Amino acid sequence: MIRYDCLGLLAPLITDQIVVTSLSGQKIEWAHLSKHEGNLLVGTMGTALGVGMGLAVALPQRKVIVLESDGSVLLSLFNLPTLANLDLNNLIVFVFDNAPYSGTRNSEPTATAGKTDLAKMAQAAGIENAVTVRDLQSFKREMTAAMNENRLRFVVCKVEESKEHRRIPRTDMDPLENKYVFVRYLERTEGKRIVRSHG
């Protein structure tokens, strides 16, 4: 299964959902596939899940989708018990597990290349709807269910290591611009002004 194919199935389903990406190939691929103003392209590793949880808590009426990587989840495992105990019914987490740190040129293996199973770790933390999918049909089934139901889902997507993101032109929107586009989108769609500091 190729991550880009999974994201290609998800992109047409996005309407008013909020999408948060981690710093990895999926950030580049998602920015290429989706021009949605509700995309927050997080630029640091290990923070997307925490940011997504915060948005889901603050905006319980909006569906929040987090596009994570195995390396990013492994860097911030403390998020799993928090996620389990919050049990946010408006949050979907897709973890694209390709088993290496593919952001590095050497593609060093992550723990999931060995014995580590992220879905089982999520289940052990208390996340009931944590599953692993290994083919595109299974991904489509879980994605469709997650989009149509109101319950927390944690879907580990076992994907092949792909260099596709290295061939895709990078978005011309820098992280600061993306942040303000995202904030303006929330202000407009939620009818609330987000307080900003001026100093």
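**Close-up views of a predicted model**

**View 1. Strand S8 and its two neighbours in the sheet.** In this predicted model, strand S4, which covers residues 91–97, pairs with S8 in the parallel sense, and 6 bridges join the two. One position to look for in this pairing is Val93, whose bridge partner in S8 is Phe154. Strand S7, made of residues 130–133, also pairs with S8 in the parallel sense, here over 4 bridges, and in this pairing Thr132 stands opposite Val156 of S8. Strand S8 itself runs over residues 153–158 and is mostly covered, since 5 of its 6 residues are buried.

**View 2. The β-α-β unit that leads into S8.** Strand S7, helix H7 (residues 136–148) and strand S8 together make a β-α-β unit, and this unit is right-handed. The two strands of the unit are also partners in the sheet, as S7 and S8 pair in the parallel sense.

**View 3. The aromatic cluster between strand S4 and helix H7.** A search of the whole structure finds 2 aromatic pairs. In one of them, Phe94 and Phe139 form a tilted pair, with 5.4 Å from centre to centre and 50 degrees between the planes. Because Phe94 lies in strand S4 and Phe139 in helix H7, this pair ties together parts that are 45 residues apart in sequence. Phe94 counts as buried, at 0% relative accessibility, and Phe139 is likewise buried, with a relative accessible area of 0%. The rings of Phe96 and Phe139 have centres 6.3 Å apart and planes at 45 degrees, so this pair, too, is tilted. Phe96 lies in strand S4 and Phe139 in helix H7, and the pair therefore ties together parts that are 43 residues apart in sequence. Phe96 is buried, as is Phe139, and the residues Phe94, Phe96 and Phe139 form one aromatic cluster.

**View 4. The buried side of helix H3.** Helix H3 spans residues 48–58, and its buried residues are Ala48, Leu49, Gly52, Met53, Leu55 and Ala56. These residues cover an arc of only 165 degrees around the axis, which puts them on the same side of H3. An α-helix has 3.6 residues a turn, so residues three or four places apart point the same way. The buried residues of H3 pack against the strands S1 (18–21), S2 (39–41), S3 (64–69) and S4, and also against the helices H5 (79–86) and H9 (175–190).

**View 5. The whole sheet and helix H9.** The sheet is open and is formed by 6 strands in the order S2-S1-S3-S4-S8-S7, with parallel pairing. S2 and S7 stand at the edges, where each has a single partner strand, so one side of each is left without a neighbour in the sheet. From one strand to the next, the twist averages 15 degrees. Helix H9 packs on the sheet and touches S1 and S2, and the direction of H9 makes about 155 degrees with that of S2.

Terms used
Residues are numbered from 1 along each chain as its sequence is written. This is a predicted model: local features need pLDDT of at least 70, side-chain atom pairs count only at pLDDT 80 or more; totals for chains, interfaces and linings use all residues. Side-chain values use heavy atoms; hydrogens and water are left out. Buried means under 20% relative accessible area, exposed over 50%, partly exposed in between (1.4 Å probe, protein chains only). Two strands pair if DSSP finds at least two bridges between them. A crossover is right-handed if, with the strands pointing away from the viewer, the path from the first strand over the helix to the second runs clockwise. Rings of Phe, Tyr and Trp (its six-membered ring) pair if their centres lie within 6.5 Å; planes under 30 degrees apart count as stacked, over 60 as edge-to-face and the rest as tilted. The arc is that of the directions from the helix axis to the C-beta atoms. Contact means heavy atoms within 4.5 Å. Axes are lines fitted to C-alpha atoms, for helices over the stretch in contact, and angles run from 0 to 180 degrees between N-to-C directions.
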